[in-house]
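Work through the exercises below with the sequence and the 3D view open. Each task is followed by a solution in steps.

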Amino acid sequence: NVTGRERQAGEVVLAGAELSAASGSNTADKAIDLDLSTYSLSVSSSDSTPWIKVKLRTVSCIRAVVEYNSDGTVQYVWTWSGNLFSCKGPDCPVFHDLMVEGAEKMFRDKFHCKFGDSVKLQLINTNKYNEIAVFQAGE
């Protein structure tokens, strides 16, 4: 029975998370706590579909975002491909958008990464997040 997850090489230490609106005790921090037995639930706010935003401690050059299943296997991987994040996973269309924010005017993006200090996932028809990790590009 897997409950904990170890931080991987290149994984960014996250500063926090927020949801469009939380559902009960399944708050945003449950998606970044390295505990695979917990999860967060996001519900629609009055003006948008459900979303989660994870915050980095500083602006980083982000190369990938991963969502893990409760058993520790990878559910989705978004990889920066020079002009957008491409998704690999069983139901990528359930995600409306992945946005990296916070450094649009400070840095030019590179082919292998996009600069930002937060990652926002906006959803179409799912609202459960087991565990989210953000990976930065090596120097």
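**Exercise 1. The surroundings of S40**

Task: Find which residues S40 touches, leaving out those up to four places away in sequence.

Solution. The model is a predicted one.
Step 1. Leaving out residues up to four places away in sequence, S40 touches L19, N26, T27, A28, K30, A31, I52, N127, K128 and Y129.
Step 2. S40 itself belongs to strand β2, which covers residues 40-41.
Step 3. The relative accessibility of S40 is 0%, so S40 counts as buried.

**Exercise 2. A residue that S40 touches**

Task: Take I52, one of the residues touched by S40, and state where I52 lies and whether it is buried or exposed.

Solution.
Step 1. I52 is part of strand β3.
Step 2. Buried means under 20% relative accessible area. With a relative accessibility of 1%, I52 is buried.
Step 3. Not counting residues up to four places away in sequence, the contacts of I52 are E18, L19, A28, A31, S40, V119, K120, L121, Y129 and I132.
Step 4. One of these contacts is I132. I52 and I132 are 80 residues apart in sequence, while their C-alpha atoms are 9.9 Å apart in space.

**Exercise 3. The chain as a whole**

Task: Describe the elements of the chain, its burial and its contacts.

Solution.
Step 1. Count the elements: there are nine strands and zero helices. Read from the N terminus, the order is β-β-β-β-β-β-β-β-β.
Step 2. The chain has 139 residues, and 42% of them count as buried.
Step 3. Take the contacts with a separation of 6 or more: 64% of them are between residues 24 or more positions apart.
Step 4. For the surface, the chain exposes about 7,300 Å², of which carbon and sulfur atoms supply 48%.

**Exercise 4. Salt bridges between strands**

Task: How many salt bridges does the structure hold, and which parts do the pairs E18 with K55 and K53 with E101 tie together?

Solution. Side chains of opposite charge can pair when their charged atoms come close.
Step 1. The structure holds five salt bridges.
Step 2. One of them joins the side chains of E18 and K55, with an N to O distance of 2.6 Å. Since E18 lies in strand β1 (residues 14-19) and K55 in strand β3 (residues 51-68), this pair ties together parts that are 37 residues apart in sequence.
Step 3. E18 is partly exposed at 27% relative accessibility, and K55 is also partly exposed, at 33%.
Step 4. K53 forms a salt bridge with E101, and their closest N and O atoms are 3.1 Å apart. K53 lies in strand β3 and E101 in strand β6 (residues 95-101), so the pair ties together parts that are 48 residues apart in sequence.
Step 5. K53 has a relative accessible area of 18% and is buried.

**Exercise 5. A network of charges**

Task: Which residues are linked with R5 in a network of salt bridges?

Solution.
Step 1. R5 and E11 meet through their side chains in a salt bridge of 2.7 Å, N to O.
Step 2. Both of these residues are buried.
Step 3. The network links R5, R7, E11 and E131.

**Exercise 6. Aromatic rings**

Task: Which residues lie over the faces of W51 and Y39?

Solution.
Step 1. K120 lies over the face of W51, 4.6 Å from the ring centre.
Step 2. K128 lies over the face of Y39, 4.3 Å from the ring centre.
Step 3. The structure also holds two aromatic pairs.

Notes: Residues numbered from 1 in each chain as written. Predicted model: local features only at pLDDT ≥ 70, side-chain atom pairs only at ≥ 80, totals over all residues. Heavy atoms only, no water. Helix = DSSP H or I, 4+ residues; strand = E, 2+ residues; numbered from the N terminus. Buried < 20%, exposed > 50% of the residue type's maximum accessible area, 1.4 Å probe, protein only. Contact = heavy atoms within 4.5 Å. Areas by Shrake-Rupley, 256 points an atom, 1.4 Å probe, with all protein chains shown as cover. Phe/Tyr/Trp six-rings, centres within 6.5 Å; stacked < 30°, edge-to-face > 60°. Lys NZ or Arg CZ within 6 Å of the ring centre and 35° of its normal. Salt bridge = Lys/Arg side-chain N within 4 Å of Asp/Glu carboxyl O.
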